[in-house]
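Me: I would like to learn how to read a protein structure, one feature at a time. Can we work through an example?

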Amino acid sequence: MKMRILVFDDDSTIRVMLRKTLELHGHEVRDYPDAISCPLYLKKECTCSKNHACGDIIITDYNMPGLTGLEFIENQQQNECRVQFYAVISGFLTKPIVDHARKLGCFVFKKPFNIRDMLTWLDDCERQIPPNRVLS
């Protein structure tokens with residue numbers, strides 16, 4: 001299945017590496033330099049179809065301009081984002097940050113992360129997505 005993955009990271013090197021790697025593994029990737037690029041964040045209401053998500057997975061850096069990756073995910077969830085899986089990546093992770101991320105249902109990757117670990121996680125996510133799902 002081709003998953004749609006949304007990547008948010010202000011570090012263009014990480015963002016491009018993730019996009020190219022994930023595309024090579026057959027996924028559709030949309031990447032953004034910051035969380036405020038997300039229409040749901042800007043409009044405070046989901047612009048996706050009421051029945052379909054805009055993507056399968058959000059991968060976000062923790063440290064970004066304006067807000068943290070966890071603040072972004074909290075906003076998405078409060079505004080009824082329909083994305084099923086979330087991951088946070090960061091080189092600066094404390095136990096409280098990791099605990100908060102897990103409470104939100106996020107998988108956590110510590111920079112520098114092994115891309116094979118991320119691909120394994122993505123494979124696990126893919127197995128849980130209904131094959132007949134439709135994205136907006």
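The turns below go from the sheet to one strand, then to one residue and to the salt bridges.

Reply: Keep in mind that this is a predicted model.

Me: What is the order of the strands in the open sheet?

Reply: Strands pair when DSSP finds at least two bridges between them. Here five strands form an open sheet in the order E2-E1-E3-E4-E5, with parallel pairing. E2 (residues 28-32) and E5 are the edge strands; each has a single partner strand, so one side of each lacks a neighbour in the sheet. On average, neighbouring strands are turned by 20° against each other, direction ignored.

Me: Which helices pack on the sheet, and which strands do they touch?

Reply: H3 packs on the sheet and touches E1, E3, E4 and E5. The direction of H3 makes about 150° with that of E3. H5 also packs on the sheet, touching E1, E3, E4 and E5, and its direction makes about 170° with that of E4.

Me: Which strands are joined to E3 by bridges, and how many bridges are there?

Reply: E1 (residues 4-8) runs parallel to E3, and four bridges join them. Phe 8 has Thr 60 of E3 as its bridge partner. Strand E4 (residues 85-90) is also parallel to E3, with five bridges between the two. In that pairing, Thr 60 stands opposite Val 88 of E4.

Me: What handedness has the β-α-β unit that E3 and E4 make with a helix?

Reply: The unit consists of E3, helix H3 (residues 69-78) and E4, and it is right-handed.

Me: Is strand E3 enclosed or open to the outside?

Reply: Buried means under 20% relative accessible area. Five of the five residues of E3 (residues 57-61) are buried, so the strand is largely enclosed by the rest of the structure. Ile 57, Ile 59 and Asp 61 point one way, Ile 58 and Thr 60 the other way, and all are buried.

Me: What can be said of a single residue in E3, such as Ile 58?

Reply: Its relative accessibility is 1%, so Ile 58 counts as buried. Setting aside neighbours within four places in sequence, the contacts of Ile 58 include Leu 6, Phe 8, Phe 72, Val 83 and Ala 87. Its C-alpha atom is 10.0 Å from that of Val 29, although the two residues are 29 apart along the chain.

Me: How many salt bridges are there?

Reply: A salt bridge needs a side-chain nitrogen of Lys or Arg within 4 Å of a carboxyl oxygen of Asp or Glu. By this rule there are nine. One of them joins Lys 111 and Asp 9, at 3.5 Å from N to O. This pair links distant parts of the chain, 102 residues apart: Lys 111 is in the loop between E5 and H5, and Asp 9 in the loop between E1 and H1. Both residues, Lys 111 and Asp 9, are buried.

Me: Which residue of E3 forms a salt bridge with Lys 111?

Reply: Asp 61 does, with the closest N and O atoms 3.3 Å apart. Asp 61 lies in strand E3, 50 residues from Lys 111. At 5% relative accessibility, Asp 61 is buried.

Me: Are Asp 56 and Arg 133 buried or partly exposed?

Reply: These two form a salt bridge, with 2.7 Å between the closest N and O atoms. Asp 56 is in the loop between H2 and E3, whereas Arg 133 is in the segment after H5. Asp 56 has a relative accessible area of 4% and is buried. Arg 133, at 21%, counts as partly exposed.

Key
Residues numbered from 1 in each chain as written. Predicted model: local features only at pLDDT ≥ 70, side-chain atom pairs only at ≥ 80, totals over all residues. Heavy atoms only, no water. Buried < 20%, exposed > 50% of the residue type's maximum accessible area, 1.4 Å probe, protein only. Right-handed = clockwise from strand over helix to strand, strands pointing away. Contact = heavy atoms within 4.5 Å. Axes fitted to C-alpha atoms, helices over the stretch in contact; angles between N-to-C directions.
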